[in-house]
Amino acid sequence: MKKVLKRAILLLLCALIAVPLSACDKRRKKYTDSYFGYFDSFAEFTLYTDSEEHFEHYSDIVERELKKYHEMLDAYNGYDGKINIYSLNEGAANTPMKPEPELFFFLEKSKELHELTDGYTSVTLGAVTAIWKDAIKNGVPPNEESLRNVSEHTDINDLILDSDEWTVAFADEHLKLDAGALGKGFAADCIADILSLEGCKEPFMLNLGGTLAARGEKPDGTPWLAGIQAPDGGELDGISINLSRFEYTTNALSTSGSYHRGFEYEGVIYHHIINPYTLMPENNFTSVSVNCSSAARADALSTALFSMSPEQGQALVESLDGIEAVWLLADGRVIKSNGIE
């Protein structure tokens, strides 16, 4: 019975719903709203509709869900009456905890993406990323010995998910979770699903701090397109990502870049994307962008590819169906996977 109930809720929350859209409805106008304070970033919702009231209704839903997922995936703050990432970090080593289904599904997805990326995207890297968070705030690199010590407590196998009881437990009392590597992508997928479940049939795009999720074609029949940002703030010439490639389902683009959060110390750039094997940020790239049908997968892969060598990353992308990527190297060169125009 529990497994049947779990499957029903999973389908309700996260299933991709095909919705017929009218590509020739010229009456629809473009409406855009912006949101601040969620996921420590800027968020934006764009919808083509013939009703401003209709747009405001769905914009309110977007903000409601942004708040929900921001609080759910917050590793540094607790919220009354809620079990979130912070709550699990504080208590799951002492006794199994039962979070809301969405958080349980997030942790299941995290384990799946950890395996997909060979551990280069890890939700259990929280003890390491917490040290780097303070280092970035203070502008001084952390002590390497302290990083090595806490890295002993980052094993994904110490995150115990009971799919019958829907509980979360830590086998290591020092284990800490951090949703940063795929939280925005997971939230974008789920918010897109909620909009469809709430009756939104028009084409729309979500932008959660550089992680994009789009559905449907624009009213004039043209696809959603996204450019890749160059270090100077412009767009790279000649690169266009078609976000309508997967018709009527979520299609996503996520960019991980070293220019978002970081500092320079004694001539070396330190940023927030940490290689879980070296425990240090890598400087092979300025940014890595991934295009696929899932924002969570795109988010996780762009993070992972940033820490891999170009050869490792290209091999991984070519081994996966429906994945395209663009690497902007630190020296200004660009590498594109085969399907990128």
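How many disulfides does the count come to? A few notes on that and on the packing follow.

1. Keep in mind that this is a predicted model. On the opening question, the count comes to 0 disulfides. As for two of the cysteines, Cys190 counts as buried because its relative accessibility is 2%, under the 20% cut-off. Cys200 is also at 2% relative accessibility, so Cys200 counts as buried by that cut-off too.

2. Now the core. The largest nonpolar core holds 74 residues, and Phe45, Phe106 and Leu107 are the ones with the most contacts inside it. Apart from that core there's another, of 10 residues; Leu125, Val128, Trp132 and Ala135 are among them. As background, nonpolar side chains in soluble globular proteins tend to be buried together.

3. Phe45 is worth a click in the viewer. Setting aside neighbours within four places in sequence, Phe45 touches a list of residues that includes Tyr31, Thr32, Asp33 and Tyr35. Phe55, Tyr58, Ser59 and Val62 are in contact with Phe45 as well, and so are Leu195, Phe204, Met205 and Leu206.

4. On to empty space. You'll find 2 cavities of 30 Å³ or more in the structure. The second largest has about 30 Å³ of space.

5. What lines that second largest cavity? The residues are Tyr38, Phe39, Ser41, Phe42, Ala43, Leu66, Lys184, Leu208 and Gly209. Strand E2 (residues 41–49) gives the largest share of the lining, 3 residues. Sorted by class, the lining has 6 nonpolar, 2 polar and 1 charged residues.

Notes: Residues are numbered from 1 along each chain as its sequence is written. This is a predicted model: local features need pLDDT of at least 70, side-chain atom pairs count only at pLDDT 80 or more; totals for chains, interfaces and linings use all residues. Side-chain values use heavy atoms; hydrogens and water are left out. On a 1 Å grid over the protein atoms alone, a cavity is a set of points where a 1.4 Å probe fits but cannot get out, and a pocket is an open set with protein on both sides within 12 Å along at least five of seven lines; lining residues have an atom within 4 Å of a point. Grid points are joined across faces, edges and corners, and a volume is the space filled by probe spheres set on the points. Helices (H or I, at least four residues) and strands (E, at least two) are DSSP runs, numbered from the N terminus. Ala, Val, Leu, Ile, Met, Phe, Trp, Tyr, Cys and Pro count as nonpolar, Asp, Glu, Lys and Arg as charged, and the others, Gly among them, as polar. A disulfide is a pair of cysteine sulfur atoms within 2.5 Å. Buried means under 20% relative accessible area, exposed over 50%, partly exposed in between (1.4 Å probe, protein chains only). A nonpolar core is a set of buried Ala, Val, Leu, Ile, Met, Phe, Trp, Tyr and Cys residues joined through side-chain atoms within 4.5 Å. Contact means heavy atoms within 4.5 Å.
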